[in-house]
Number of protein chains: 2
Amino acid sequence: MAGWENYLDQNQDRFLDELLEFLCLPSISSLPEHAGDVEGAAEWCASRLQAAGLESVRVMPTGGHPAVYGEWLHAPGKPTVLIYGHFDTQPVDPLELWETPPFEPVVRNGRIYARGATDDKGNLFIPLIVAEAMLKSRGALPLNLKFLLEGQEEIGSPQMPEFMAAHKDLLACDLILSADGGQWDEEQPILTMGTRGLAAVFLEVRGPGHDLHSGIYGGTIHNPIHVLSAIIASMHDPEGRIAVEGFYDQVRDLTREEKERLASVPFDQEAYLKEIGARGLFGEPGFSTYERAWTRPTLEINGIWGGFQGEGLKTVLPSLAQAKISCRLVADQDPARITDLLLAHVEKVAPQGVEVKAVKAQTGASPYLIPSGDPGLEIAASVLKEIYGREPFRIGTGGTVPVNALFLESLGAYTVTFGFGQDDERQHSPNEFFRLSNFKRGQRAYGLLLDRLAEKYPARPAW
Amino acid sequence: MAGWENYLDQNQDRFLDELLEFLCLPSISSLPEHAGDVEGAAEWCASRLQAAGLESVRVMPTGGHPAVYGEWLHAPGKPTVLIYGHFDTQPVDPLELWETPPFEPVVRNGRIYARGATDDKGNLFIPLIVAEAMLKSRGALPLNLKFLLEGQEEIGSPQMPEFMAAHKDLLACDLILSADGGQWDEEQPILTMGTRGLAAVFLEVRGPGHDLHSGIYGGTIHNPIHVLSAIIASMHDPEGRIAVEGFYDQVRDLTREEKERLASVPFDQEAYLKEIGARGLFGEPGFSTYERAWTRPTLEINGIWGGFQGEGLKTVLPSLAQAKISCRLVADQDPARITDLLLAHVEKVAPQGVEVKAVKAQTGASPYLIPSGDPGLEIAASVLKEIYGREPFRIGTGGTVPVNALFLESLGAYTVTFGFGQDDERQHSPNEFFRLSNFKRGQRAYGLLLDRLAEKYPARPAW
């Protein structure tokens, strides 16, 4: 057993106590009244990095909730790895569904119960104590390490783009390891190849100046709901393909190898439908459900409304109908280009006689895809295989993790998600927990990974 | 001048006082707290019919607001005419917009201002005093006359179908004259040929059991809003025709003469669009705006909703999307058949994988059309021409007047609308008024009409 592993073993009780202490901090980033608690969690992280032996540790202003930075850069010729995590949490409501208070962490049946236990305090704490273990047992890390911990992930990291642009040199690295993630289950590891981006448009159709009597005027002018429905219907073909011209132009096709890897991830259709209460699958022809969810773009209407929505019948010809549209994007789609295509489509199909307005939403995020064969990814794969005894599934995430694309854009480095949560750990829900078994397994995995990266990651010239 | 005209002239001040007294009664049928006032208005009508010389006068229970009946049946061999009107009114809010209180009628600038002045107390009072004038001046009416005044027109006459079915013999007649209507303007008379019927369906599309994260699940199952929009879009062709199979099968085509008569009604497109604040006309190809509004059926979405409707973006894949659909029908469309066609259409186009439910609304009404050449209609036309000096426009009403079809179905008699309101008299709005000039002109017109009908209406065998 390596010295760092012994150190981890011998200090495990202390580390658990410290994690429980960290979990007592109600660092809910979405609630203004908890801004001081988010700040407190930042201070806690900074102290803890300092204690671990990291250098140049600081709490950094972002314009919103602060970020925390620390580094150890005494491994010349070795790669520089940036470890990312977040110390803010989701809110706790509905509070009455918690078996124990969300910010009074307890260990029950090998699980730590608390808000933030798995998302992301437990996970980010792992590389921190691994760094301490290496520094205390060896006096050095095998490579150059930076920590960037943020306090606004759960509210969409609004200040991070500007923050990263302003601190490119400080954050410069070869590879990012994101400690915000998980594994398939207790036996099966995963690697996340991509996350989808986001583009959104708000659509509005105005007909008459006010709601009209449908008897007197019905049939003589456009009904905005008809126009809106026709516009929405025109955005897909009947088979489920997106029918907006140029929409798929920038989509990178899967390689045969990528398709085969996705096909090897087990999919239980019955369980999938049962979980979401849906009657059947539907989507772009020629793709599996995982391909559709992880590697293909979507165009979804998130909301629609217009006219009378009360009980019974009101025979109005409404003045206004509205809808919210958002697209999940995949590499190499550009959110700005996609919104332009949506606007052009609406303009093309909108009839005369009504006012059709399509407005770009403020929200937008680029898709992210790490190439197969990326050295960081392959080294992580080999470590996971060693720890779990199985090849990791190479999956995608249908959701949007803006920070991945942001790191790539601002630092020119790919992110490998290397976390040890599991999907059943009630992230964002009451009774969130983190498995102690994964907490320990993650420590060994991070230690191995840092050593392997130091050994095998190709060196790059200094910046 | 005929004796009845002299009588009307000599008693005009009294009649006006009586009408003002009638207008003091706040007989708002939609407000339960005014049920006693509706009852009071019924009693007032009954007393007034009695005083006029009508016989068998009674306030009749309907299960809801009462109806009032009176008759004079001493003209053997002459036609029997039933006069229809309603003594209930709309509510008065917003009260602050009234220049004088709605139930404190005043005469200003030749207009009677009060709720119900034109709709319909002023109008229904006209034939009542004409009957009195004839009975008092001649001792007889030229034909057999029945009055049926109802107290629930403004709430859709819910008990009238059952009431009419139960009193077919009592109400039996050759022709109905509806005193609930008006003229084009002060110079131009009209005759209403038809009113549109109504059929309605509520539509619901259920996808997943609850709103889902559009990133995780988007693209793998049906989005209910997409399905609903596609169903709605499938109900019209791009040119504006209704694309529900069989929808037009029972529509009676206009004769060339009817088309020419509609074409002779002046239409000011600019004024029409300005009034409703719309940018352009749109409707079924091959028909004019009046033809579309009065003689062609419609299918309108009155309301739609589903998913997120708040500020900003919420990337949900919604569980549920709903819409309310109503159709305006024309002769000889049957509401029950049309809802069946709608349900069949929805079933045909609904995709697998979602639950699509279409439910018939309780509301429904048959369309009504009086044939050109109907003797009652033609006699009314000749009277209007004599009074106004102009041929009446033969128009339609896009709205639904269930009582017209109901009379036809239950009594086998057509209704000629013969009223003296005008569209600008703020029916249902603050500061409703009725022109004194029309009040007087209407008396002469009704007197002439009763005499002409007695003279020219073809006799039918007694019942």
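Reader: What makes a residue of chain B count as part of the contact with chain A, and how many residues does each chain supply?

Author: In this predicted model, two residues are in contact if their C-beta atoms, placed from the backbone, lie within 7 Å. By that criterion the contact takes 68 residues from chain B and 67 residues from chain A. Elements that each supply at least two residues of the chain B side include helix 8 (224-233), helix 11 (289-295), strand 14 (320-329) and strand 15 (355-365) of chain B. Strand 12 of chain B gives the most, with nine residues. The residues of this side of chain B divide into 26 nonpolar, 32 polar and ten charged.

Reader: How do you know that strand 12 of chain A and strand 12 of chain B are joined, and in which sense do they run?

Author: Two strands pair if DSSP finds at least two bridges between them. Five bridges join strand 12 (residues 298-307) of chain A to strand 12 of chain B, so the criterion is met. The two strands run antiparallel, and W305(A) stands opposite W305(B).

Reader: Why is the relation between chain A and chain B called a two-fold axis?

Author: Two copies of a chain are related by a rotation about an axis and a shift along it. Here a turn of 180° and a shift of 0.1 Å along the axis lay chain B on chain A with an RMSD of 0.1 Å. That is the relation of a two-fold axis.

Reader: Why do you conclude that the copies meet through the same surface?

Author: Of the interface residues of chain B, 99% are also interface residues in chain A, so the copies meet through the same surface. As for confidence, the predictor gives the complex an ipTM of 0.90 and a pTM of 0.90. Chain A averages a pLDDT of 95, and 99% of its residues score at least 70.

Reader: Which stretches of chain A does the domain assignment give, and what does their contact take from each?

Author: The assignment gives domain 1 (3-195 + 367-456) and domain 2 (197-251 + 297-365) of chain A. Their centres, taken over C-alpha atoms, are separated by 40 Å. The contact takes seven residues from domain 1 of chain A and eight residues from domain 2 of chain A. On the domain 1 side, the residues divide into four nonpolar, three polar and no charged.

Reader: What makes strand 1 and strand 18 of chain A edge strands?

Author: They belong to an open sheet of six strands in the order 1-2-6-3-7-18, with mixed pairing. Strand 1 (55-60) and strand 18 (414-417) of chain A each have a single partner strand, so one side of each is left without a neighbour in the sheet. Neighbouring strands of this sheet are turned by 20° against each other on average, direction ignored.

Reader: How do you know that strand 2 and strand 6 of chain A pair?

Author: Strand 2 (residues 67-72) and strand 6 (residues 144-150) of chain A share six bridges in the antiparallel sense; the cut-off is at least two, so they count as a pair. K146(A) in strand 6 of chain A is the bridge partner of E71(A). Helix 4 (residues 117-138) of chain A lies across strand 3 (80-86), strand 6 and strand 7 (175-178) of chain A, running at about 150° to strand 3.

Reader: Which strands stand at the edges of the sheet with the order 4-5-20 in chain B, and why?

Author: This open sheet has antiparallel pairing. Strand 4 (106-108) and strand 20 (433-435) of chain B each have a single partner strand, so one side of each lacks a neighbour in the sheet. The twist averages 30° from one strand to the next.

Conventions. Residues numbered from 1 in each chain as written. Chains lettered and ligands numbered in written order. Predicted model: local features only at pLDDT ≥ 70, side-chain atom pairs only at ≥ 80, totals over all residues. Helix = DSSP H or I, 4+ residues; strand = E, 2+ residues; numbered from the N terminus. Axes fitted to C-alpha atoms, helices over the stretch in contact; angles between N-to-C directions. pLDDT = per-residue confidence, 0-100. Domains from an automatic or database assignment. Nonpolar A, V, L, I, M, F, W, Y, C, P; charged D, E, K, R; others polar. Least-squares fit on C-alpha atoms with pLDDT ≥ 70 in both.
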